[in-house]
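Subject: Structure for you to look at

Hello,

Here is the structure I said I would pass on. Please open it alongside this email; my notes follow below it.

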Amino acid sequence: SGNVIDLCPVGALTSKPYAFAARPWELKKTSAIDVMDAVGTNITVHARGTQVMRVTPRVNDDVNEEWASDKTRFAADGLMKRRLDVPYVRRAGRLVKATWGEAFAAIRDGLAGVAGDRIAGLVGDLCAVEEMVALRDLLGALGSTRIEGRQDGAALPTGARGDYLFNSTLAGIETADAVLLVGTDPRHEAPLVNTRLRKIVRAKRGKVFGIGPVVDLTYPVEWLGDDAGLLGALPEAVAEVFAHAERPAIVVGMGALTGANGAGIYAAARALGETFGIVRDSWNGWNVLHSAAARVGALDLGLTTEGAVAGLLADVRAGALGAVFLLAADEIDTGALADTFTVYIGTHGDAGVEHADVILPAAAWAEKSGTYVNLEGRVQRGNRAVFPPGEAREDWTILRALSDVLGHRLPYDDLGALRARIAGAWPHLDVEGLTPANLGPVPAAGDVGQGGLILPVNDFYRTNPVARASDTMAECVRDIVEVRQSMLEAAE
């Protein structure tokens, strides 16, 4: 709905949170990349002093056209709320403020005697490539290769890059004439993907079918049922549509891949795609719909582990891990970390700090220059719009400074040197834009399970620490979600 602001030709429709807060000529405008979902929306951050006043879309026809989702546009006030602005160290069971030197010393002491193979890292959903590489390098220097970038535990093959990308591309999906959604609600997981799909139906260029819970996507969808077993037995009429489609596409969401049977569902969807020939000359209809801005970048860097996050936390409970680094990881059950030395590097006092022994305050997405890889594999760079509050610092610089104290100095002292390191190991991450990617072989068949699929986004307005700290998002929950629920209950 926020896009209506931009459509108004005379400025009579305005942003309520921003109205009368500032004049346009008072603001510094900075080009950035949105991290509220995995689309990689191009945005302009409007700031005055150290405060972000508003966020507006920046035109990029290949990614977001001229639009931005409501969360992208209105959650920015969460950047100023519940922020971590000084380091903390847990002493006698309580977190107390500390200097950077004291915090680093506490980490050094906490890691003393812990073998490298007993140290692990977990990466959050809003991270840029730069800090993920810095964490990878630091833990590698300590002797650890166990870094996990899938907080939700999604089962994704990583042998070939095309296996986990939205290969049709955001603009290209509009040309599909038959689309099968599997375990996804694009309206809430990636609204600007949903607008592309809506165009297909509205223009009568094709049909959209769905396997999973029935949701309102704002356009007609033929829901086949909430059962992954349908991937092996599509209704005859539906199979006929895909068999004759010129540009068929399958879109698999995290709701299909994050359960116990995620690997089996992935394999079944790939096999179905092979049956219908969704990969052909000048067309690749295999698409994974990610919901986390950091996910594709993490997969490109190889930040996956055996057993994913569930296996990591199981080892924590079993005492097989002695230390865990959380890089802005707030979407996990941190209760398992209560008795394990935990270092949290992040922006907000959210779930990740609950059992942390050391907290290091970091810069949020608008407070640093960073590289992000969107769901289609497009490499984009955002710029710093404001400086982080208090003693907070950019994540990679924190890790670089910590490496000195731990006796494993990382070989880069500025952003240019870090990006040169990235370019040397992962050349495609140094070039903005799309790099062609191929699919790997279809995985061996597995169990797709029984029963319904669980969608990953049950509260659109509170999917990450920034959004959860936003007063505007809280108002949306109260005024839209809760009021709508009360109306439904009254109608019953």
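Ala-328 lies in the loop between β15 and β16 (341–346). Ala-328 is not a glycine, yet its phi is positive, at about 55°. Please keep in mind that this is a predicted model.

A second residue of this kind is Phe-20, also a non-glycine, with a positive phi of about 65°. Most residues other than glycine have a negative phi. Phe-20 is found in the loop that joins α1 (3–7) to β1 (28–33). With a relative accessible area of 88%, Phe-20 is over the 50% cut-off and therefore counts as exposed.

Glycine also turns up with a positive phi: Gly-319, which follows α11, has a value near 80°. Helix α11 itself spans residues 308–317, and its buried residues are Ala-308, Val-309, Gly-311, Leu-312, Leu-313 and Val-316. The cover over these buried residues includes three strands, β6 (119–123), β7 (147–148) and β15 (323–327). Strand β15 is also where the loop holding Ala-328 begins.

Next, the helix packing. Two packed helices are described by the angle between their axes and the distance between the axes.

Helix α12 (residues 395–405) packs with helix α4 (residues 129–141) at an angle of about 20°, and the two axes are 8 Å apart. Since the angle is under 35 degrees, α4 and α12 are roughly parallel to each other. The crossing of α4 past α12 is left-handed. On the α4 side the contact is made by Glu-130, Glu-131, Ala-134, Leu-135 and Leu-138, and on the α12 side by Asp-395, Trp-396, Leu-399, Leu-402 and Ser-403. By class, that contact has 6 nonpolar residues, 1 polar and 3 charged.

Helix α12 also packs with helix α3 (residues 100–111), here at about 60° and with the axes 10 Å apart. That angle makes α3 and α12 oblique to each other. The crossing of α3 past α12 is right-handed. Trp-100, Phe-104, Ile-107 and Arg-108 of α3 meet Ile-398, Ala-401, Leu-402 and Val-405 of α12. The contact of α3 with α12 comprises 7 nonpolar residues and 1 charged residue, with no polar ones. Leu-402 is worth picking out on screen: Leu-402 takes part in the contact with α4 and also in the contact with α3.

Helix α4 has a further partner in α13, with an angle of about 75° between them and axes 10 Å apart. This makes α4 roughly perpendicular to α13. From α4, the residues involved are Val-129, Glu-130, Val-133, Arg-136 and Asp-137; from α13, they are Leu-415, Leu-418, Arg-419, Arg-421 and Ile-422. The contact of α4 with α13 divides into 5 nonpolar and 5 charged residues, with no polar ones. Glu-130 is one of the α4 residues that meet α13, and Glu-130 also belongs to the contact with α12.

One last site lies in the loop between α13 (415–425) and α14 (465–469), where Asp-459 is placed. Is Asp-459 buried or exposed? Its relative accessibility is 16%, which is under the 20% cut-off, so Asp-459 counts as buried. The side chain of Asp-459 makes a polar contact with the side chain of Arg-462, at 2.6 Å.

Regards

Terms used: Residues numbered from 1 in each chain as written. Predicted model: local features only at pLDDT ≥ 70, side-chain atom pairs only at ≥ 80, totals over all residues. Heavy atoms only, no water. Axes fitted to C-alpha atoms, helices over the stretch in contact; angles between N-to-C directions. Helix = DSSP H or I, 4+ residues; strand = E, 2+ residues; numbered from the N terminus. Parallel < 35°, antiparallel > 145°, perpendicular 65-115°, else oblique. Left-handed = near helix turned anticlockwise from the far one by under 90°. Contact = heavy atoms within 4.5 Å. Nonpolar A, V, L, I, M, F, W, Y, C, P; charged D, E, K, R; others polar. Buried < 20%, exposed > 50% of the residue type's maximum accessible area, 1.4 Å probe, protein only. Polar contact = N/O pair within 3.5 Å; in protein donor to acceptor, adjacent residues only side chain to side chain.
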